[in-house]
Amino acid sequence: MSSVPVQHRQLYINGQWCDASTGQRITVVNPATEEPLADVSFGHRADAAQAIAAAAQALPAWMKLTAYDRAKFLKKTAELMRERLEVLARTMTMEQGKPLAEAKGEVLHSADTFEWFAEEGKRAYGQVIPPTLPTKRHLTIKHPVGVVGAIAPWNFPITLLCRKIAPALAAGCTVVAKPSELTPLCGIGLFECLHDSGLPPGVVNMVLGPGDAIGAEFMENPAVRKVSFTGSTRVGKLLMKQAADQVKRLSLELGGHAPFIVFPDADPEVVAKAAVIGKFRNNGQVCISPSRFYVHKDIEKKFTEVAVAEAKSLKMGNGLEEGVVLGPMIEAKRLEATSALVADATAKGATLLTGGRKSPQFARGYFFEPTVLKGLPPDAKILTEEPFAPVMPVLDFSKLDEVIAQANNTRYGLAAYVFTNDLSIAWRMAEGLEAGIIGLNDPVPATPQCPFGGMKESGLGRELAHEGLEAYLETKYVSMVLRS
Ligand code: NAD
């Protein structure tokens with residue numbers, strides 16, 4: 001069944017595939033079968049330093065190219081990703097666990113991201129600003145930030161690298177990227193496309209190694225001017241402290257705890273089906289996954305009934321098998337954390353309507369049954385800690401102001417979902433909710449041309465859209481005096 005035999009894969013530094021200086025390797029495991037997929041070189045700070053030096057050396061020539069010339073490499077990368085869709089998606093399913101159709105969707109979204117930034121790089125406009133004195137002229141020009149350190153997690157192992165690499169390259173920056181140690185094969189597949197696009201050596205580099213060591217090199221090496229991080233709020237806070245020493249530019253895409261709010265004019269059956277698709281996509285291991293379901297008390301019973309039936313009907317299994325919509329979780333640790341969250345909720349009085357345990361259907365693999373809970377007390381941990389799990393806690397509400405207050409009662413502010421056909425309610429919710437991304441009757445809002453990112457402890461800055469390009473540009477103000 002496997003199309004990726006167990007093999008040795010390497011780091012990518014200065015246009016070359018190479019072993020880690022430590023000689024160390026890690027084994028990547030298929031979460032559906034617990035079988036090894038590959039051995040991958042696992043570096044340390046010295047490898048990151050070497051990659052940073054290569055990126056710094058490549059920077060002057062890369063930033064001098066026009067945006068039109070840089071766009072050719074980005075478009076070629078997008079084309080190669082589309083050509084290699086099947087291989088990239090199968091690698092992702094085997095390494096990360098998500099079903100093949102979802103993996104294909106991720107690869108195509110990633111190719112679209114490269115193509116979109118190829119064009120947006122051409123729109124790194126400055127401004128001409130009217131002067132107060134007749135002899136003066138003022139203008140701004142855009143300047144690439146410089147070498148970028150990019151750190152990504154495992155849940156969208158290609159897309160989240162692309163959201164950093166594509167705009168950085170389009171802006172004229174060079175990059176050292178670190179994929180998650182759980183999903184390096186996806187990063188390697190992406191870097192094969194980047195290599196084959198003909199990019200000059202050193203423009204993009206990939207190192208794998210312990211997060212804290214590679215992160216420290218990014219933060220302490222003065223050649224790195226910006227760090228872009230997607231991952232947990234815990235690590236994001238750490239990086240923010242470390243960035244202070246060199247006033248390092250920082251973009252942070254962190255955790256979320258999205259409310260999913262259903263008003264009584266919405267069709268509970270239709271919305272419950274959409275809710276189940278949204279919740280269990282990638283096993284809830286999604287930063288914008290809906291994780292608290294507030295359903296108006298008039299329709300809560302019907303909504304919950306349909307949601308439970310739908311959750312029970314989801315076909316779980318190895319994501320390479322036909323019809324499977326729910327794969328394994330990423331690692332055994334996540335199963336334990338999910339069981340603990342469910343146990344905490346039920347111990348405090350919540351009712352378990354379905355699921356709640358590691359699936360007994362499978363002898364191997366990290367499968368957790370899709371779970372629906374109701375009757376949760378406010379102190380249930382799942383209502384405040386980011387669950388990152390296939391668990392759907394259903395709560396009810398009766399008033400708009402009350403549900404806004406409950407939805408905002410979290411340190412996170414990444415995404416929020418509202419289901420209603422009433423325009424006034426939709427506007428009040430869009431304006432009242434503290435979230436960077438709001439889906440109005442839309443459970444899947446991410447797209448390359450729209451800004452993605454969070455308020456509060458969900459992060460700093462935005463990826464995608466024009467904001468995602470600006471994140472890799474400095475604004476230089478130029479003032480001149482004319483000869484009289
Ligand atoms: P994580 O923070 O443990 O790891 C993310 C990356 O950081 C990995 O590559 C890891 O090796 C590296 N890392 C770990 N410790 C580090 C350190 N001290 N310094 C520098 N890098 C370090 O997160 P995870 O478990 O891999 O990913 C899940 C988290 O990511 C969730 O909280 C999720 O919400 C978040 N996430 C956010 C977004 C977003 O766009 N806001 C998208 C996807 C995931």
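The exercises below work through a predicted model, from the ligand site to single residues.

Residues are numbered from 1 along each chain as its sequence is written, and side-chain values use heavy atoms, with hydrogens and water left out. Because this is a predicted model, local features need pLDDT of at least 70 and side-chain atom pairs count only at pLDDT 80 or more, while totals for chains, interfaces and linings use all residues.

**Exercise 1. The ligand site**

Task: Find how many residues surround the ligand, and which are the closest.

Solution:
- Step 1. Take the cut-off: a residue is near a molecule or strand if one of its heavy atoms lies within 4 Å of it.
- Step 2. Count the shell. It holds 28 residues. The closest are Ala152, Glu181, Ser232, Leu254 and Glu386.
- Step 3. List polar contacts (pairs of N or O atoms within 3.5 Å; within protein, one must be able to donate a hydrogen and the other to accept it, and residues adjacent in sequence count only if both atoms are side-chain atoms). A backbone N or O atom of Ala152 is 2.7 Å from a ligand oxygen. A polar side-chain atom of Glu253 is 3.2 Å from a ligand oxygen. A polar backbone atom of Leu254 lies 2.8 Å from a ligand nitrogen.
- Step 4. Check the cover. On its own the ligand has 850 Å² of accessible area, and the protein covers 89% of that. These areas come from the Shrake-Rupley method with a 1.4 Å probe; for residues, only the protein chains shown count as cover.

**Exercise 2. Helix α7**

Task: Work out which residues of α7 are buried, and what they pack against.

Solution:
- Step 1. Locate the helix. α7 spans residues 211-220. Helices (H or I, at least four residues) and strands (E, at least two) are DSSP runs, numbered from the N terminus.
- Step 2. Apply the burial classes: buried is under 20% relative accessible area, exposed over 50%, partly exposed in between (1.4 Å probe, protein chains only). Seven of the ten residues of α7 are buried. They are Ala213, Ile214, Gly215, Ala216, Glu217, Phe218 and Met219.
- Step 3. Find the partners. The buried residues pack against α1 (45-64), β8 (147-151), β9 (174-178), β11 (224-230), α8 (233-243) and β12 (249-253).
- Step 4. Link back to the ligand. α7, β11 and α8 each supply at least two residues of its shell. The largest share, three residues, comes from α7.

**Exercise 3. Serine 251**

Task: Is serine 251 buried or exposed, and which side chain does it join in a polar contact?

Solution:
- Step 1. Place Ser251: strand β12.
- Step 2. Ser251 counts as buried because its relative accessibility is 7%.
- Step 3. Its side chain and that of Lys226 make a polar contact of 2.6 Å.
- Step 4. List contacts (heavy atoms within 4.5 Å). Beyond four places in sequence, Ser251 touches Lys226, Val227, Ser228, Phe229, Leu460 and Ala471.

**Exercise 4. Arginine 292**

Task: Find which backbone oxygen lies 2.7 Å from a polar side-chain atom of arginine 292.

Solution:
- Step 1. Place Arg292: strand β14.
- Step 2. Arg292 is buried, because its relative accessible area is 1%.
- Step 3. The backbone oxygen is that of His257.
- Step 4. Widen the view. Neighbours within four places aside, Arg292 is in contact with residues including His257, Ala258, Pro259, Phe260 and Gln406.

**Exercise 5. Positive phi in loops**

Task: Asparagine 282 has a positive phi, and so has leucine 464. Where does each residue sit?

Solution:
- Step 1. Phi of Asn282 is near 55 degrees. Asn282 sits in the loop between α9 (268-280) and β14 (290-296).
- Step 2. Asn282 is buried at 4% relative accessible area. Leaving out residues up to four places away, Asn282 touches Gln96, Lys98, Glu102, Asn155 and Phe156.
- Step 3. Phi of Leu464 is about 65 degrees. The loop here runs between β20 (459-460) and α14 (465-470).
- Step 4. Leu464 is buried, with a relative accessible area of 0%.

**Exercise 6. Valine 107**

Task: Find what valine 107 contacts.

Solution:
- Step 1. Place Val107: helix α4 (residues 100-120).
- Step 2. Val107 counts as buried, at 0% relative accessibility.
- Step 3. Setting aside neighbours within four places, Val107 contacts Met81, Leu85, Leu88, Ala89, Met92 and Ile158.
- Step 4. Compare sequence and space. Val107 and His44 are 63 residues apart in sequence and 28 Å apart, C-alpha to C-alpha.
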